[in-house]
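Reader: I am in my first year and still learning to read structures, and I would be grateful for a close look at one part of this one. Could you take me slowly through a stretch where helices pack against each other, together with the strands that come before them?

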Amino acid sequence: MSLEFPPVARELRADRPVSLGELATPARLVPGDTPLADIDRAFRAERQLRSLVVHDGERYALLSREHVEYTLTGRLGFGRGLHVRSTAAHMVAENSFSLPGNLELGHAAQRILALPEESRYRDVLVLTDAGPGVVAVSQLFERLSSDFRYAALHDSLTGLANRRQLEERGSTFTADDLAGVAVLFIDLDGFKAVNDTFGHRAGDEVLVEFADRLRRLVRPTDVLARLGGDEFAALLVNVTEAQALDVADRVLISATAPFPSDGHLLHVSASVGVSMAVDVVDELELNQLDALLRHADGAMIKAKQSGKRQVARLDGQGAAPITRNALIRRRLTAAFESRTFALNYQPQLDLVTGDCSAVEALLRWNDRVLGEVSPAEFIPITELSGDIHRIGEWVIDQACAQARKWLDAGEPRSIAINVSPLQLAARTLVPQVLAALAAHGVPAELLQVEITEGSAITDLPRAIGQLQALRDAGLSIALDDYGTGYSSLAMLRDLPLTTVKIDKTFIDTIEDSPQDALLVGGVIDTAHALGLRVTAEGVERPGQLHLLRAMGCDTAQGYLISRPVPAELLPVAQPC
């Protein structure tokens, strides 16, 4: 079922006067030969009349009440007698000031402020194609002040409130008001694909249209805000939980209707997190609105992780993880700018030769505010935000740069890098890897790509195509965390692999559990029968290493051999 959305009026910045001519009021014209006595009588008859415009041939000039009264009064009171034969044209100064009507308000203000102080506060003559007009300087600056205030509180693209206005509105709530307040945190699913495929102009059209649709779902007393990118928030007042969830459901429906753009119908969906005042009653470290936003943000992430295109609320299992996740999301942007990401390297021990020239590159993040952040925390968040592509490309480039350094030092090492399923799905992995190898002059056989069972299963045909292209280029391919996913034997058969890495959970128990030892031995035998090498992960005790050697395992990595360390702290390549 398609939804029809009729046009909606919006108070956007573009609907407000932006040029001097739009602000001007029509002027009352008088010919240049009009007797000054007639001008005087006109001003006396209309006390609200501030100025007249003198039309003398092709010339227009502003004649103000103040100037006429000063001239006719004179210092000794003889002004009227002296000017009995004067005309309007005689009263106009030769350097009469005017401005073009197409001048933007800000530029007009700059021109006016450049005038001598005694002339700076007079009305301004504005010349437009429709004729002359007049603008009071006070009116111009009041409008500019209003525009600056508007711009400070509104999103320039959609005209919705921005985060600052949302916070200002929230600061007015009392504890009693919050009892009926709900926050919806809305994020569009698939919006990045629209930008990447159809361009940012199409993306902007989707955002503007979606903002219009949201306006139809709330009341004038509610506040809609665009928080940035494709994230929106709705602050609902005087609502019950059922009413808030109903609005959230209607947001989901409105997002599914196609967005027309340049002859195309673009499709996205929405994930919505909902929080109510009851969710944050015990949280005192933030004001109530911040707490509501944080919980709604966490609920939105929960909706994304549950498959997107749905409404979610938190289950009340504690605010600390939500607080940290929200902070991680905010700090990720600064991480790129401050260069706080780094690669550590964990050696892999060849159980036959004792060689340690192969390493796995592991991403680390030490943030000024958060401290050490585990990849298990921030990688899922980057996958939701789309930042995983940027981080993945950085990891590939840094690993190749380090491989080049080791080559130049005469100690070549092969490096394994982990790849997100989203990198495989985006079809950008192969060109990024090949470009980085070429840029740093690194042989392809020194780079290994590691995927997990889950990433392979997500889109098996696409995964096979990209991984085969990397194999054809000379890279090796490892299946990481083997045994933790589904259809493991099918993965070994179908994917173009060179290596299988057995997950730490199986290695942990091989000394104490004969069944787990048999299972690990069976995996090793099966992999060898398929022509694959086997690496055991998480080796921490000498007994584990002894059993793995006896089983014919090829390589091992874990804290017993070395923790992940910066490149300069790695043990020598041969032997470990």
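Author: What follows is a walk through a small sheet and then through the helices after it.

Please keep in mind throughout that this is a predicted model. Let us begin with the strands, where an open sheet of 4 strands is found in the order β1-β7-β6-β5, and the pairing within this sheet is mixed. At its edges lie β1 (25–26) and β5 (98–100), each of which pairs on one side only. Between strand β6, residues 124–128, and strand β7, residues 131–135, there are 5 bridges, and these two strands run antiparallel. If you would like one pair to look for on the screen, find L125, whose bridge partner in β7 is V134. As you follow such strands, it helps to remember that in a regular strand the side chains alternate between the two faces of the sheet.

Now to the helices. Two packed helices are described by the angle between their axes and the distance between the axes. Take helix α6, residues 105–113, and helix α7, residues 137–153: their axes come within 10 Å and cross at roughly 135 degrees. Because an angle counts as roughly antiparallel only when it is over 145 degrees, α6 is described as oblique to α7. The crossing in which α6 passes α7 is left-handed. On the α6 side the residues that take part are L105, G106, A108, A109, I112 and L113, and they meet V137, L140, F141, R143, L144 and D147 of α7. Sorted by class, this contact of α6 with α7 consists of 9 nonpolar, 1 polar and 2 charged residues.

Helix α7 also has a second partner, helix α8, which covers residues 163–171, and here the axes come within 6 Å and cross at roughly 90 degrees. Since angles of 65 to 115 degrees are counted as roughly perpendicular, that is the word for how α7 stands to α8. In this contact R149, A152 and L153 from α7 meet R164, Q165 and E168 from α8. By class, the contact of α7 with α8 has 2 nonpolar, 1 polar and 3 charged residues.

To put the two contacts side by side, then, α7 is oblique to α6, whereas α7 is roughly perpendicular to α8; the contact with α6 includes 9 nonpolar residues, and the contact with α8 includes 2.

Methods. Residues are numbered from 1 along each chain as its sequence is written. This is a predicted model: local features need pLDDT of at least 70, side-chain atom pairs count only at pLDDT 80 or more; totals for chains, interfaces and linings use all residues. Side-chain values use heavy atoms; hydrogens and water are left out. Axes are lines fitted to C-alpha atoms, for helices over the stretch in contact, and angles run from 0 to 180 degrees between N-to-C directions. Angles under 35 degrees count as roughly parallel, over 145 as roughly antiparallel, 65 to 115 as roughly perpendicular and the rest as oblique. A crossing is left-handed if the near helix is turned anticlockwise from the far one by less than a right angle, and right-handed if clockwise. Contact means heavy atoms within 4.5 Å. Ala, Val, Leu, Ile, Met, Phe, Trp, Tyr, Cys and Pro count as nonpolar, Asp, Glu, Lys and Arg as charged, and the others, Gly among them, as polar. Two strands pair if DSSP finds at least two bridges between them.
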